[in-house]
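This briefing takes up one protein chain and moves from its sheets to a few individual residues. Please keep the sequence and the model side by side while reading.

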Amino acid sequence: MYAVIKTGGKQYRVAEGDVIRVETLEANAGETITFDEVLMVGEGESIKVGTPYVDGSSVTAEVTAEGRGDKIRVIKFKRRQGYKRTIGHRQNYTELKITGIAG
């Protein structure tokens, strides 16, 4: 069984046992989180699509870690003007292990 959940302005297709990285959530390692914004639940031929959410369905996950992603470099450059700026960015994330899908 799999589900599509919405968190942090993004959508993720998850199945039980998956490990995903999402935008930072207000939770510590070891805590359990429940996602009620489930957009779709399915298994094989039977698929339920919500309008916009599937009623009575939820996805539970355990927080395994929090951290920061790899650094990306953002470069601004204008040719022949002597203008060049470089800045870096590291995005915070929360790592989740999907423990159950109800619906």
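Which residue in the turn of the hairpin formed by E5 and E6 has a positive phi? In this predicted model, that residue is Gly44, whose phi is about 65°, and the hairpin places 2 residues between E5 and E6. The points below set this turn in the context of the chain, of its two described sheets and of three residues that lie in other parts of the sequence.

**Overall make-up of the chain**

- The protein chain contains 10 strands and 0 helices, and its elements, read from the N terminus, accordingly follow one another as β-β-β-β-β-β-β-β-β-β.
- Its radius of gyration is 18 Å, which is well over the 13 Å that the globule rule gives for 103 residues, so the chain is more spread out than a compact globule.
- The C-alpha trace spans about 60 × 30 × 20 Å when it is taken along the principal axes of the chain.
- Of the 103 residues, 31% count as buried, while the chain exposes about 7100 Å², with carbon and sulfur atoms supplying 45% of that area.
- Among the contacts with a separation of 6 or more, 62% are accounted for by residues that are 24 or more positions apart.

**The sheet that holds the hairpin**

- An open sheet of 4 strands, with antiparallel pairing, has the order E2-E1-E5-E6.
- At the edges of this sheet stand strand E2 (10-15) and strand E6 (46-49), each of which has a single partner strand, so one side of each is left without a neighbour in the sheet.
- Neighbouring strands here are turned against each other by 15° on average, with direction ignored.
- Strand E1, covering residues 2-7, is joined to E5 by 4 bridges, and the two strands run antiparallel; in this part of the sheet, Ala3 stands opposite Val41 of E5.
- On the hairpin side, strand E5 (residues 38-43) pairs with E6 in the antiparallel sense over 4 bridges, and Glu43 has Ser46 in E6 as its bridge partner.

**The sheet in the order E3-E10-E7-E4**

- A further open sheet is formed by 4 strands in the order E3-E10-E7-E4, and its pairing is antiparallel.
- Its edge strands are strand E3 (19-22) and strand E4 (32-35), each of which pairs on one side only.
- The average turn between neighbouring strands of this sheet is 40°, again with direction ignored.
- E4 is joined by 4 bridges to strand E7, which covers residues 58-68, and the two run antiparallel; Thr32 stands opposite Glu62 in E7.

**Thr94, within strand E10**

- Thr94 belongs to strand E10, which covers residues 92-102, and counts as buried because its relative accessibility is 0%, where the cut-off for burial is under 20%.
- The side chain of Thr94 reaches the backbone nitrogen of Leu25 at a distance of 3.1 Å.
- With residues up to four places away in sequence left out, Thr94 touches Ile20, Arg21, Val22, Glu23, Thr24, Leu25, Val63, Ala65 and Glu66.

**Ser57, between E6 and E7**

- Ser57 is placed in the loop between E6 and E7, and this loop residue is buried, with a relative accessible area of 5%.
- The side chain of Ser57 reaches the backbone oxygen of Val54 at 3.0 Å.
- The residues touched by Ser57, apart from those up to four places away in sequence, are Phe35, Asp36, Val38, Val41, Ala102 and Gly103; among them, Val41 is the residue that Ala3 stands opposite in E5.

**Gly8, between E1 and E2**

- Gly8 lies in the loop between E1 and E2 and is partly exposed, with a relative accessible area of 45%.
- Gly8 and Glu23 are 15 residues apart in sequence, and their C-alpha atoms are 5.5 Å apart in space; Glu23 is also one of the residues that Thr94 touches.

Terms used. Residues numbered from 1 in each chain as written. Predicted model: local features only at pLDDT ≥ 70, side-chain atom pairs only at ≥ 80, totals over all residues. Heavy atoms only, no water. Pairing = 2+ DSSP bridges. Axes fitted to C-alpha atoms, helices over the stretch in contact; angles between N-to-C directions. Rg over C-alpha atoms; globule rule 2.2 N^0.38 Å. Buried < 20%, exposed > 50% of the residue type's maximum accessible area, 1.4 Å probe, protein only. Contact = heavy atoms within 4.5 Å. Areas by Shrake-Rupley, 256 points an atom, 1.4 Å probe, with all protein chains shown as cover. Polar contact = N/O pair within 3.5 Å; in protein donor to acceptor, adjacent residues only side chain to side chain.
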